[in-house]
Amino acid sequence: MSNYHIKNLQEYFQLYRKSVRNPELFWEEIAEENFVWRKRWDSVLSWDFTKPEVKWFEGAKLNITENCIDRHLHIRGDKTAILFEPNDPDEEAEHISYRDLHERVCRFANVLKGKGIQKGDRVVIYLPMIPELAISVLACARIGAIHSVVFAGFSSTALATRINDCDAKMVLTSDGSYRGAKTIALKEIVDDALKECPGVKTVLVAKRINSDIHMEAGRDEWLQPLLDTAYADCSPEIVDSEDPLFILYTSGSTGKPKGMLHTTAGYMVYTAYTFKNVFQYREDDVYWCTADIGWITGHSYIVYGPLANGATTVMFEGVPSYPDFGRFWQVVEKHKVNQFYTAPTAIRALAKEGTVHLEKYDLSSLKVLGTVGEPINEEAWHWYNDHVGDKKCPIVDTWWQTETGGILISPIPFSTPTKPTYATLPMPGVQPALMDENGKEISGNQVDGRLCVKFPWPSMARTIWGNHQRYKDTYFSAFENKYFTGDGALRDEVGYYRITGRVDDVIIVSGHNLGTAPIEDAINEHPAVAESAIVGFPHDVKGNALYGYVILKDTGESRDRDNLRKEINQQIADKIGPIAKLDKIQFTPGLPKTRSGKIMRRILRKIASKDTSNLGDTSTLLNPEVVQKIMEEAL
Ligand code: WT7
C-alpha cells in the first residue's frame, strides 16, 4: 500500500492512524517516493509551537518548478498542463502543454533575472486570470524569488499597502482585464498605487485588452518583447526546503493585512498529496478550479498541487454570469471537465437561476465536485448534488485557510461517505482539536468548540512577513501549544467535523475573508463620520453581507443620507475594494458599548439579522438605552 493515494475508507483509516502514530515516517515516505530532490533532508520535522517554529525536510534541496514542470517533460511533454479558457466564449481556448509551459516559464524567469531580480527578492503580481499570471508565479519560483500575488480586484490603496509591506522591487501587471462585459483599467490602478511605493523600480506590463495606457519612462516596460528575446531555457535555482516560496496577504480582524509566508518543500508535498486524494485525479482527467490565483485556493489547487501531479488544470478568466448563467456548464461540456471545484457563493448564485441553464449542457464528464471558502448551506449542497452532479458525484466540502496552505478537512471521494454541510474527516497527518472557553480540549463526539490543530502539517504558514510576534499572538496564543484557526466547529456522533463559522471579527462575504477593522477605518476617514461598526448578516447568495452602523459627527446636519451612503461605499471601494462595500448603512446616534469601551457586536449582529427576540445579557452595557433606539431605526 502506498501512502500517496487513498483508495478506500479502510485504507484512509489505516493511513490516518499511521500518520498520527508516526508522522515523520508517514511524510518521509510520501516525500521520498513522489518528488524530485536535489539533496535529501537531514531531518523530517522539528517544531515548537511556543516560539512558534516549524521546519519540514530540513537540509533538503529542491526547486518546486522542477517538480511541477521539468520532471513531466519526458512522459507528458505534449499533455496540456494549463488549459486557458478566456472571458469571451468566442475567443479560442489555449492549450499550454508541459513543454510549452517549460519554455514560457524559462523565458519569463530569464526576463526577471535580466531586470535584476534575485533569489529572495519580492515580486508583486497584479494580473488578471490570464496565462501570464500562472507563468509568472512559476517564473519567480524558478529563480527563488518570492511572489506575492495581489488579487486584481483590490484597490490601489490595498495594492500599495501590500507592495510596501513586503518591500517589493517589481510589479507585474497588464494594461487591463476583462470581467464579463466590463473591462477594468488595471494599469491605472497600479500607477495610482505606485505614487506611494518608492521601492518599486520596474513594472512589466502584459497586453490583454489593447488599451492606451500611460507608460512611465525608466520604470514601465511591455512584457512581450522582453519574453520574445529571452533565452528559452533557465536552469532552476536550487533552494533549501524552508526557503520562502511566496507571501499571500489575508485579512486580519484588526490592523493591516497579514502577509502569510509559505515555504517550499512542505508546501509542495502537502498540496500535491491533498490534490491527488481530495480530487482523486487520474492521468487523463481535466480538472477545473474556478478560484482566482490571487487567493490561496488558486495557488495551491490551480497551480502547484495540480502541476506537481502532472495534471491538466483549467484556468478560467471569466465570471459565472457572462454571457449568461450557463457559462460554467458550457465550459464543463466543452473541455469535458472531470473535477470541478468552486465556492458556495457561486453555487447559490447559480441555483437562484434555476436549472434551465444546466439542462442545455452535457455534464456527464463530471466525477467529483468540490466546494471551499465558507460553510455550505444544506440547500446549496443539495442543488449542487442533485442538479450538477446528478447524484453521482461525491461533493468534497474542503475546509482550510490561507494560513494552512492546503486542505485540512475533507471527504476522500468514493471513500468517505459524505454528509451535507460536513467537511467530514481530517486529512492524514492533520490532528484537529476542539477547545472549550477555558482552554481545555473537548474529547468525545457530539461536541462543539473552537477548532485548533495540535500537530504541525507540512504546508502550514511559517510566519507573518515582518511580524513574527503577530503570528504568535494570532495563532498560537489563544490555546497553549495549539494552532488556533479562528473557526468554530462541531464533531458529530461518528467524528465528522462541521465548520460553523468564524468566532472572531472576520466576516466571510461571497467567500472573501474581510476583517471588520480595516473597513471601519475606511468608513471613519469620511469627514462626516465620527464612528462606525460593521457586522455580517445572512444573505442568500453572498452567505453574509455587511451591515454598517454609522455615527455622524453632526447629526443635525441636513445632508442627503442616500448620498452619504454612496460616498461611504465609494470610500470603502477606494481603500479596500468593491467586495467590501456595505449592503446596508444605518445612521445611529450611538453604539452599544461595554464599560471598557468595547463595542458589543453580538447585539449589532442580532439587530442586523432581525433576530431580536433574545439579545442576551446586556447588563454590562454602559448605554443600554441606545439599543432600543437602534432597534427602532433598523433597516
Ligand atoms: C476561512 C479561511 C481556503 C481557501 C479559501 C478561503 C472559511 C473555508 C470552508 C469550508 C466552512 C470554510 C473558514 C476559514 N472556510 N473553507 N469548507 N467550510 N468554512 O481561505 O480566505 O483564508 O478563509 O474560510 O472560516 O477560516 P481564507
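In this predicted model, the buried residues of helix α13 pack against α12 (327-335), β18 (339-342), β19 (368-371), α15 (378-388) and β30 (543-552). Helix α13 itself spans residues 344-351 and is mostly covered, with 6 of its 8 residues buried. The residues concerned are P344, T345, A346, I347, R348 and L350, where buried denotes a relative accessible area under 20%.

A second region of interest is the ligand site. The ligand is surrounded by 18 residues, and the closest are D397, T398, T402, D487 and R502. In character, this shell comprises 7 nonpolar, 6 polar and 5 charged residues. Two secondary-structure elements, helix α11 (296-308) and strand β26 (497-502), each contribute at least two residues to the shell.

Oxygen atoms of the ligand lie at short listed distances from polar side-chain atoms of three residues, as tabulated below.

| Residue | Side-chain atom | Ligand atom | Distance |
|---|---|---|---|
| Q401 | polar atom | oxygen | 2.9 Å |
| R502 | N or O | oxygen | 2.8 Å |
| N513 | N or O | oxygen | 2.9 Å |

Beyond these pairs, the ligand has 550 Å² of accessible area on its own, and the protein covers 95% of that area. R502 appears twice in this description: R502 is among the closest residues to the ligand, and an N or O atom of the R502 side chain is 2.8 Å from a ligand oxygen.

Terms used. Residues numbered from 1 in each chain as written. Predicted model: local features only at pLDDT ≥ 70, side-chain atom pairs only at ≥ 80, totals over all residues. Heavy atoms only, no water. Near = heavy atom within 4 Å. Polar contact = N/O pair within 3.5 Å; in protein donor to acceptor, adjacent residues only side chain to side chain. Areas by Shrake-Rupley, 256 points an atom, 1.4 Å probe, with all protein chains shown as cover. Helix = DSSP H or I, 4+ residues; strand = E, 2+ residues; numbered from the N terminus. Nonpolar A, V, L, I, M, F, W, Y, C, P; charged D, E, K, R; others polar. Buried < 20%, exposed > 50% of the residue type's maximum accessible area, 1.4 Å probe, protein only. Contact = heavy atoms within 4.5 Å.
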